[in-house]
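Let's take a walk through this structure together, from its cysteines to its strands and on to one helix. Here are the sequence and the model.

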Amino acid sequence: MAARSTSTSMDVNPKTQNYQRAIGGGDKTELLEEGGRDDEHGSPEERGFCDYLLTLFSFFIFLCTLPLSLCFCVKIVQEYERAVIFRLGRLLPGGAKGPGMFFILPCIDSYQKVDLRVVSFDVPPQEVLTKDSVTVAVDAVVYFRIYNATMSITNVENANRSTRLLAQTTLRNVLGTKNLSEILGERESISETMQSSLDEATDPWGVKVERVEVKDVRLPQQLQRAMAAEAEASREARAKVIAAEGEQNASRALKEAADIISESPSALQLRYLQTLTTISAEKNSTVIFPLPVNFLARLLPNENK
């Protein structure tokens with residue numbers, strides 16, 4: 001997944017924090033405001049004398065140890081990564097750094113790398129009691145990515161682990177409001193509901209849930225046998241109905257054929273000859289003694305009577 005078109009930025013204000021999120025790689029941004037105390041992320045004007053003194057001392061050490069200090073102070077992050085830098089425990093203005101090369105001061109700066117690529121994980125099978133009191137085991141797969149590296153570090157201890165735990169509870173909560181037939185036949189709508197719920201809950205963590213898919217729904221053995229018996233009975237009933245309809249249609253066809261043959265004596269003779277041709281074509285030991293047609297005509301009803 002490419003993260004080149006957008007870089008995460010953060011504006012630090014002494015009273016409120018505004019995080020900007022790039023939407024779809026365009027110029028439109030969404031401001032996410034979070035209230036906090038003035039001393040949570042201090043601005044440069046709030047830094048004390050000790051902060052400036054330690055910063056100057058660290059910079060002096062960097063100059064004195066050149067060029068060896070470059071190996072420890074120059075860092076590189078990949079295209080799909082961002083680095084969140086803290087100086088003396090405070091978040092640096094300017095937001096996350098990267099991609100490319102950035103500079104940190106020795107002893108007073110620390111940083112954490114954040115991967116912006118899409119991550120997928122399997123939700124373990126969850127025992128869920130449906131709305132119609134049926135216990136099923138359902139598992140799913142979730143695809144998410146971090147869109148704001150700063151928020152994923154400062155607002156939550158472990159964004160990946162928290163998202164995994166939240167996915168499990170969301171799966172149980174959503175399926176608990178559905179019937180068994182809805183779970184089996186409306187997986188797409190259930191996935192969309194889970195995706196919207198997870199996305200809304202993880203938005204303050206800088207996490208974007210891209211997709212949720214329900215993988216498997218495992219039913220109890222007794223319920224599987226009951227459903228199989230019901231399906232088999234339904235198939236047998238349909239088979240009997242189809243066989244009865246076939247018998248009815250065949251009887252009607254035979255009746256119509258008998259009426260036509262009884263109306264025309266020549267039709268009976270042609271049918272007789274056709275039957276003889278069919279029997280003689282087969283390779284068998286049957287001896288055929290054809291009867292005269294006049295003899296068969298005596299068996300037909302006399303219309304003059």
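Cys-50 has a relative accessibility of 53%, so this residue counts as exposed. Please keep in mind that the model is a predicted one. Cys-73 offers a contrast: at a relative accessible area of 1%, this residue is buried. What is the nearest cysteine sulfur to Cys-73? That of Cys-107, at 8.6 Å, and Cys-73 is in no disulfide. A disulfide needs two cysteine sulfur atoms within 2.5 Å. The search of the whole structure comes back with 0 disulfides.

The table sets side by side the accessibility of three residues.

| Residue | Relative accessibility | Class |
|---|---|---|
| Cys-50 | 53% | exposed |
| Cys-73 | 1% | buried |
| Asp-199 | 15% | buried |

Cys-73 also falls in a stretch that carries an annotation: in the unreviewed UniProt entry, residues 52–77 are recorded as a "transmembrane region". In the model, this span is 65% helix and 15% strand. Its end C-alpha atoms are 27 Å apart.

Now for the strands. An open sheet brings together 3 strands in the order 6-5-8, and their pairing is antiparallel. Which strands form its edges? They are strand 6, covering 90–91, and strand 8, covering 109–115, each of which pairs on one side only. Strand 5 spans residues 81–87 and is joined to strand 6 by 2 bridges in the antiparallel sense. Across this pairing, Arg-87 has Arg-90 of strand 6 opposite. In general, the strands of a sheet pair through backbone hydrogen bonds, in a parallel or an antiparallel way.

Further along the chain comes a hairpin made by strand 9 and strand 10, with 5 residues between them. Strand 9 runs over residues 119–129 and strand 10 over residues 135–146, and 9 bridges link the two in the antiparallel sense. One of the bridge partners is easy to look up in the model: Gln-126 is matched with Val-138 in strand 10. In the turn, Ser-133 has a positive phi of about 65 degrees.

Finally, have a look at helix 6, which covers residues 187–202 and includes Asp-199. Is Asp-199 buried or exposed? Its relative accessible area is 15%, which is under the 20% cut-off, so Asp-199 is buried. Which residues does Asp-199 touch, leaving aside its neighbours within four places in sequence? Asp-199 is in contact with Val-207, Lys-208 and Val-209.

Technical notes:
Residues are numbered from 1 along each chain as its sequence is written. This is a predicted model: local features need pLDDT of at least 70, side-chain atom pairs count only at pLDDT 80 or more; totals for chains, interfaces and linings use all residues. Side-chain values use heavy atoms; hydrogens and water are left out. Buried means under 20% relative accessible area, exposed over 50%, partly exposed in between (1.4 Å probe, protein chains only). Two strands pair if DSSP finds at least two bridges between them. Helices (H or I, at least four residues) and strands (E, at least two) are DSSP runs, numbered from the N terminus. UniProt positions are given in the numbering used here, feature names are shortened, and annotations may be inferred rather than shown by experiment. Contact means heavy atoms within 4.5 Å.
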